[in-house]
Amino acid sequence: MHRLPFRKLIVLSCAFLLPDSAFPQTKNPVRSAQQGIVHSVGPLISYKTEKYGISGKMRGSVCEIRAYSDHIIRVQVSRNKDIPDAFYALTDSLTPSCRNVVIRDKGKTIELSTNALVAIIEKEPTLRIIFKNKNGEIINEDMPGDGFGTTFIGEKLSIYKRLQNGERFVGLGEVLGSLDKRGMGFTLNNTDTYKYGDPRLSMYTSIPFYIGIHPHGLYGLFFNNSYKSFFNFGLSTPDFSSVNAEGGNADYFFMYDTTVGGILEHYTSLTGRMPLPPLWSLGYHQSRCSYYPQRKVEWIAEPFRSEE
């Protein structure tokens, strides 16, 4: 009987933990009983310049890439004829407002720049975006190659990003595991999971926003899609990360700044900020799932009354 080396067994075991959409597909359409047909967005066939960015057409899909501020660029790709508004997680008043957008056609690429950020948009062999700071350092980029970048598989979509050297990830709301999410995968699908312990289980608060940190800088990415999704931060895929959703459009906001505080400020400008709570609401709160028996409840409540 032929035996596999131990390291190969580990890789195979990790692969079974990933959903099918976490793996790149070939460029040519491939039929699958579960996933339908793979659709790569293909090359940017045509585009027009707008006030804050560009809108373009690929093979069977359309895109919009716009600067919402000097630090925020929104990328949208849809297989509809027009890109629908999706404001379920955004402030009602959100519109592009960057006053310093410069767009240059450089033949095989389009350069969209603001005072803080540059997006290099490759036209072929498939739409690919590279985000750089003003020093020309790559902050984030789509993974190159067949079946990478943005792809559609039946109703599902995937966005593949190249992992930068030393890159670490934090975020996603209430997910389990360590603070640093590198090398892990997470499902976002609000679930009341009782007695949790497995970091692969989805939890209550799903926030599709994360911060990437590496030697050349840091950035934030907010995935504006409410479908069940899977975030792969290099789980058995050491070269790339990915976001996979069960449906909807590829729609994300890319944020760049030099501090985590700056990234959070840009993120909250998209989704809104809570008002300052009143002073009387600040204090000690006692809570847990249940109390048993009744005398334990009384024992906990008594000092709250006696010590006010």
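Ala, Val, Leu, Ile, Met, Phe, Trp, Tyr, Cys and Pro are counted here as nonpolar, Asp, Glu, Lys and Arg as charged, and the others, Gly among them, as polar. With these classes in hand, the pockets of this predicted model can be described. The lining of the largest pocket divides into nine nonpolar, seven polar and one charged residue. This pocket holds about 260 Å³ of space. Its lining comprises 17 residues, and Ser206, Ile207, Pro208, Asn225 and Ser226 are the ones nearest the centre. Two strands, strand 16 (206-214) and strand 17 (217-223), each contribute at least two residues to the lining, with strand 16 giving the most, three residues.

The second largest pocket has a volume of about 190 Å³. It is lined by 13 residues, and those closest to its centre are Ser55, Gly56, Lys57, Val62 and Lys81. Strand 3 (46-49), strand 4 (53-58) and strand 5 (61-69) each give two or more residues to this lining. Its make-up by class is four nonpolar, three polar and six charged residues.

We turn next to the sheet formed by strands 7 to 11. This is an open sheet of five strands in the order 7-8-9-10-11, paired in the antiparallel sense. Strand 7 (102-105) and strand 11 (138-141) each have a single partner strand, so these two edge strands are left with one side lacking a neighbour in the sheet. On average, and with direction ignored, neighbouring strands of the sheet are turned by 20 degrees against each other. The antiparallel pairing of strand 7 with strand 8 (residues 109-113) runs over four bridges, and Asp105 is found opposite Ile110 of strand 8.

Side chains of opposite charge can pair when their charged atoms come close. Across the whole structure, eleven salt bridges are found. One of them joins Glu50 to Arg66, with the closest N and O atoms 3.1 Å apart. This pair connects distant parts of the chain, as Glu50 lies in the loop between strand 3 and strand 4 while Arg66 sits in strand 5, 16 residues apart. Glu50 is partly exposed, at a relative accessible area of 25%, and Arg66 is partly exposed too, at 21%. Arg66 also meets Glu64 in a salt bridge (3.4 Å, N to O); Glu64 is buried, with a relative accessible area of 17%.

Another salt bridge links Arg104 and Glu111, whose closest N and O atoms are 3.1 Å apart. Here Arg104 is partly exposed, with a relative accessible area of 41%, whereas Glu111 is buried at 14%. Finally, Glu122, Arg128, Glu141 and Arg162 are joined into one network by salt bridges that share partners.

Conventions
Residues numbered from 1 in each chain as written. Predicted model: local features only at pLDDT ≥ 70, side-chain atom pairs only at ≥ 80, totals over all residues. Heavy atoms only, no water. Pairing = 2+ DSSP bridges. Axes fitted to C-alpha atoms, helices over the stretch in contact; angles between N-to-C directions. 1 Å grid on protein atoms, 1.4 Å probe; cavity = no way out; pocket = protein on both sides within 12 Å on 5 of 7 lines; lining within 4 Å. Points joined across faces, edges and corners; volume = space filled by probe spheres on them. Salt bridge = Lys/Arg side-chain N within 4 Å of Asp/Glu carboxyl O. Buried < 20%, exposed > 50% of the residue type's maximum accessible area, 1.4 Å probe, protein only.
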